[in-house]
Amino acid sequence: MTARGAMAARLAGHPTAVAVAKRIGVRLIAGVGVLWGAATLSFIALHVTAGDAALSTVAGQGANPTKELLDQVRRDFGLDQPLYRQYLDYLGRLLHGDLGQSYQQRIAVSRAITEQLGQTVQLAVSAAAVAVLLAIGAAVLTARRRPWRSIASGVELTLSATPTFVIGIVLLIVFSFTLKVLPVSGNDGPRALILPMLTLALPIGAVLAQVLRSELEEVLEQPFILTARSRGMRDTVVRVRHALRHALVQIVTMSGFVVGGLLGGAVITETLFVRQGVGQLMLSAVTTKDIPMVLGLVVFAAFVYVVVNLLVDITYTLIDPRLVTR
Amino acid sequence: MSAFTATAAVLPRTSRIRLRPGLILAGLFVAVVVAAALVPQLLAPHDPLAIGAEGAFLPSGGGHLLGTDESGRDVLSRMVYGARPSLVMGLGATAIAVTGGTLLGLAAGLGSRLTESLIMRLIDVVLSVPELLLALVVITLAGAGSTNAMFAVAFASIPSYARIVRAQTHIVRRSTFVEAATGLGIRRSTVIWRHVLPNAIRPVLVLSTIGVGTAISAGAALSFLGLGAEPPAAEWGDMLSNGLQYISNDWFLVAVPSVAITLTVLSITVLGRELRRRSEGRST
C-alpha cells in the first residue's frame with residue numbers, strides 16, 4: 001500500500017495492515033510477558049519451598065533418608081546449582097513444555113497433565129458450548145419482552161449466585177436419585193457427561209445471558225433496527241439477523257471470564273462427580289502438597305488464559321477495525 | 001458530597017426509595033443470618049455437636065425440626081451454628097482483600113511510573129490464573145484450615161479490587177478539588193488521606209458488598225473440597241461434603257446446607273446489586 005493509500009485508508013477509518021500487525025504484536029508481547037511473570041512467580045514459590053522438596057520426595061516413600069540419598073535427590077532436581085542457573089534452566093525447560101517433575105507421582109507434570117487433559121477438555125468445551133447456546137437462547141427470547149424478561153433474569157441471578165457444587169448437587173438429587181435417569185459419577189459414555197456439563201455450564205451461561213440481554217436491548221433501540229422493522233421484517237428475524245450479530249461481540253469479550261470459570265469449576269465438578277481430569281489432578285496435588293504439580297498446573301492455566309485472550313484480541317482486531325484506529 | 005447531591009437533583013427518580021419484595025426478602029434473610037451468627041444459642045434448639053439419643057438419620061419432625069444427621073446431631077442447630085463461620089469467612093476475606101487491594105491500588109495510582117507499571121503487570125499476571133486455583137496455591141503453600149482458607153480467598157480477590165482503586169485514584173487525583181488542596185499547600189499525605197482515599201475507595205466499598213457473597217461461596221467451595229474448616233465443626237461447606245456420603249439414602253442432609261449457602265449468597269448479592277445501582281444513580 002502506498003503512503004497516500006495508507007493515509008486515505010486511515011482517514012476512511014480502515015486500519016492499515018501495518019497497524020493491525022502492530023496491535024497484534026503488542027498483544028503478543030504482553031501475553032508473553034504475563035507468562036514470563038507467571039513462570040517467575042512459580043519459580044520463586046518453588047525455590048522458597050525447595051528446602052524440604054528433596055526431603056518430602058524421599059520421606060514420601062516412608063524411608064529415613066541418608067545424607068547421600070538427599071544429595072542424590074538434590075542433584076536429580078538440580079537444587080545444588082546456583083540460583084540464576086536454576087532460574088534459567090527452569091525457563092528453558094518451560095519453553096520446551098517441561099513443567100517439572102511431580103514430587104509425589106515421580107512423573108513429569110506435563111505428562112500427568114496430557115494424560116488427564118482430554119477428559120477436562122471434553123467437559124469444558126461442551127460446557128462452554130451449552131453455556132453460550134443457553135445464553136443466546138435466553139437473551140434472544142426474552143430481551144424487551146415482559147414478563148419473560150423478569151422471570152429469566154430472576155432465574156439467571158439465582159443461578160449465578162448459586163455455588164457450582166450446589167447446582168451439581170441439585171442436578172444429582174433430581175436426575176440421579178429421584179428420577180434415576182442419569183448416572184451419579186464416572187467418565188464412561190456421553191450419559192455420564194450430561195450432569196457435570198450442565199453443572200459447569202449453568203452458572204457461566206447465566207452470567208453470559210445477563211450480559212448478552214442488556215447488550216441486545218441496547219442494540220434493539222438503535223435506528224437501524226427501526227429501519228429493518230419498517231421494511232416489514234419479522235421480529236424474530238430482526239432479533240437474530242441484525243441485533244444478535246452485534247451483541248455477540250460481547251460474548252467474545254467475556255471469554256476470559258468463561259475460561260476462568262471453566263478451569264475453576266472443573267476442580268469442583270470433577271470432584272463432585274468423581275470424574276478424572278485436570279481438576280482432580282489439581283485437587284489431589286493440593287492435598288498431597290505436591291508443589292511442582294500445583295505450580296505446573298497454574299502455569300498451564302495461565303498459558304491457556306493468555307492464548308485464549310490473544311485469540312480473542314486477534315479476532316477483535318479483524319472484526320472491529322475501530323479498535324486499531326482509535 | 002456536593003457532587004452526589006447534584007446528581008440526585010438531576011435524577012429525582014433515584015432518590016425515591018423503592019422497595020421491591022425481593023429486596024425485602026433478601027434483607028430479612030440477611031438479618032436472620034446475622035442474628036444466627038451473633039447469638040446462635042438463642043435460635044438453635046440443640047447443641048450442634050451433641051450426639052442425640054434418639055438416633056441417626058431421623059426424618060424431620062418431633063424434637064428435630066430438620067431431622068438428625070449420620071451421628072444423630074440436630075441438623076437445624078448445625079445449620080444455625082454454621083452461619084457464623086460463613087459470615088466470618090465472607091466478611092474477613094473481603095476486609096483483607098479490600099485493604100490489600102486499596103493499598104496496592106493507591107500505590108499504583110499515586111506512585112511513580114515504575115511502581116505503577118510493576119504493580120499493574122504483577123496484577124495482570126495474577127489475574128491470568130482463575131481465583132479458585134490461586135486460592136488452592138495459597139492452601140498448598142500455607143496448609144488447609146479455616147483461617148488459611150480465608151486468607152486464600154482474600155488473596156485471590158486482591159487484584160480485582162486493586163485495579164478498581166487504581167483507576168479511581170487516577171480520576172480523583174486529576175480532579176479540581178485535589179488540585180485546589182495541593183495548591184493551598186496542604187501536605188501530600190494529608191491530601192491523600194483526606195481527599196484521595198475517601199473518594200477512591202467508595203466504588204470499592206459498594207462492590208465489596210457483592211464480594212462478601214462471593215467470598216462465602218468460595219469459602220464453602222474450599223470446605224467442600226476438604227480444605228477449609230475441620231470436620232466436627234458446624235460449617236455449611238463441611239456439612240455438605242459430609243452429607244454427600246449419604247446422599248443416596250438421605251439427600252435432605254445435603255439439601256439443608258445447600259439451601260442455606262445459596263440463600264445467603266443470593267440475598268447478599270441482591271442487596272449488593274441494589275446498593276451498586278443506587279450509587280451509580282440508575283434506577284433500572
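Helices here are DSSP runs of at least four residues, numbered from the N terminus. The model is predicted.

**Exercise 1. Place B:Thr140 in its helix and describe its surroundings.**

Solution.

Step 1. Locate the residue. B:Thr140 belongs to helix H8 of chain B, which covers residues 131-142.

Step 2. Classify its exposure. The cut-off for buried is under 20% relative accessible area. B:Thr140 has 2% and is therefore buried.

Step 3. Look for a polar partner of the side chain. A polar atom of the B:Thr140 side chain lies 2.6 Å from the backbone oxygen of B:Leu136.

Step 4. List the contacts, leaving out residues up to four places away in sequence. B:Thr140 touches A:Val286, A:Lys289, A:Ile291 and A:Val294.

**Exercise 2. Describe the interface between chain A and chain B by residues in contact, buried area and polar pairs.**

Solution.

Step 1. Count the residues. On the side of chain A, 37 residues are in contact with 36 residues of chain B.

Step 2. Take the area. About 3,100 Å² is buried between chain A and chain B, and carbon and sulfur atoms give 85% of that area.

Step 3. Check the charged and polar pairs. Between chain A and chain B there are 0 salt bridges, and 2 residue pairs are in polar contact across the interface, both at pLDDT 80 or more.

Step 4. Assign the chain A side to elements. Those that give two or more residues to the side touching chain B are helix H2 (17-48), H7, helix H8 (164-178), helix H12 (255-272), helix H13 (278-287) and helix H14 (291-319) of chain A.

**Exercise 3. Which parts of chain A does the salt bridge between A:Glu156 and A:Arg213 tie together, and how far apart are they in sequence?**

Solution.

Step 1. State the principle. Side chains of opposite charge can pair when their charged atoms come close.

Step 2. Apply the distance criterion. The cut-off for a salt bridge is 4 Å between nitrogen and oxygen. The N to O distance for A:Glu156 and A:Arg213 is 2.8 Å, and the two side chains form a salt bridge.

Step 3. Assign the elements. A:Glu156 is in helix H7 (residues 148-161) of chain A and A:Arg213 is in helix H9 (residues 189-219) of chain A, so the pair ties together parts 57 residues apart in sequence.

Step 4. Add the exposure. A:Glu156 counts as buried at 5% relative accessibility, and A:Arg213 is buried at 3%.

**Exercise 4. Analyse the salt bridge between A:Arg239 and A:Asp235, and then the one between B:Arg163 and B:Asp124.**

Solution.

Step 1. Take the chain A pair. The closest N and O atoms of A:Arg239 and A:Asp235 are 3.2 Å apart. Both residues lie in helix H11 (residues 235-253) of chain A, 4 residues apart, which is about one turn of the helix.

Step 2. Compare the exposure classes. A:Arg239 is buried, at 4% relative accessible area, whereas A:Asp235 is partly exposed, at 28%.

Step 3. Take the chain B pair. In the salt bridge of B:Arg163 with B:Asp124, the closest N and O atoms are 2.7 Å apart. B:Arg163 lies in helix H9 (residues 146-173) of chain B and B:Asp124 in helix H7 (residues 113-127) of chain B, so this pair ties together parts 39 residues apart in sequence. B:Arg163 is partly exposed, with a relative accessible area of 39%.

Step 4. Check for shared partners. Salt bridges that share partners join A:Arg145, A:Arg229, A:Asp235 and A:Arg239 into one network. Over all chains the count is 15 salt bridges.

**Exercise 5. Is B:Ile123 buried or exposed, and which residues does B:Ile123 touch?**

Solution.

Step 1. Locate the residue. B:Ile123 is in helix H7 of chain B.

Step 2. Read the exposure. With a relative accessible area of 5%, B:Ile123 is buried.

Step 3. List the contacts, again without residues up to four places away in sequence. B:Ile123 touches B:Pro159, B:Ala162 and B:Arg163.

Step 4. Add a backbone distance. The C-alpha atoms of B:Ile123 and B:Ile158 are 8.8 Å apart, and the two residues are 35 apart along the chain.

**Exercise 6. Summarise the secondary structure of chain B and set two UniProt transmembrane spans against it.**

Solution.

Step 1. Count the elements. Chain B has 13 helices and 0 strands.

Step 2. Take the annotation. An unreviewed UniProt entry places "transmembrane region" at several spans of chain B, including residues 122-143 and 204-229.

Step 3. Test the spans. Residues 122-143 of chain B are 82% helix and 0% strand, with end C-alpha atoms 24 Å apart. Residues 204-229 of chain B are 81% helix and 0% strand, with end C-alpha atoms 28 Å apart.

Terms used: Residues numbered from 1 in each chain as written. Chains lettered and ligands numbered in written order. Predicted model: local features only at pLDDT ≥ 70, side-chain atom pairs only at ≥ 80, totals over all residues. Heavy atoms only, no water. UniProt positions renumbered as here; feature names shortened; annotations may be inferred. Buried < 20%, exposed > 50% of the residue type's maximum accessible area, 1.4 Å probe, protein only. Contact = heavy atoms within 4.5 Å. Buried area = accessible area lost by both parts, 1.4 Å probe. Polar contact = N/O pair within 3.5 Å; in protein donor to acceptor, adjacent residues only side chain to side chain.
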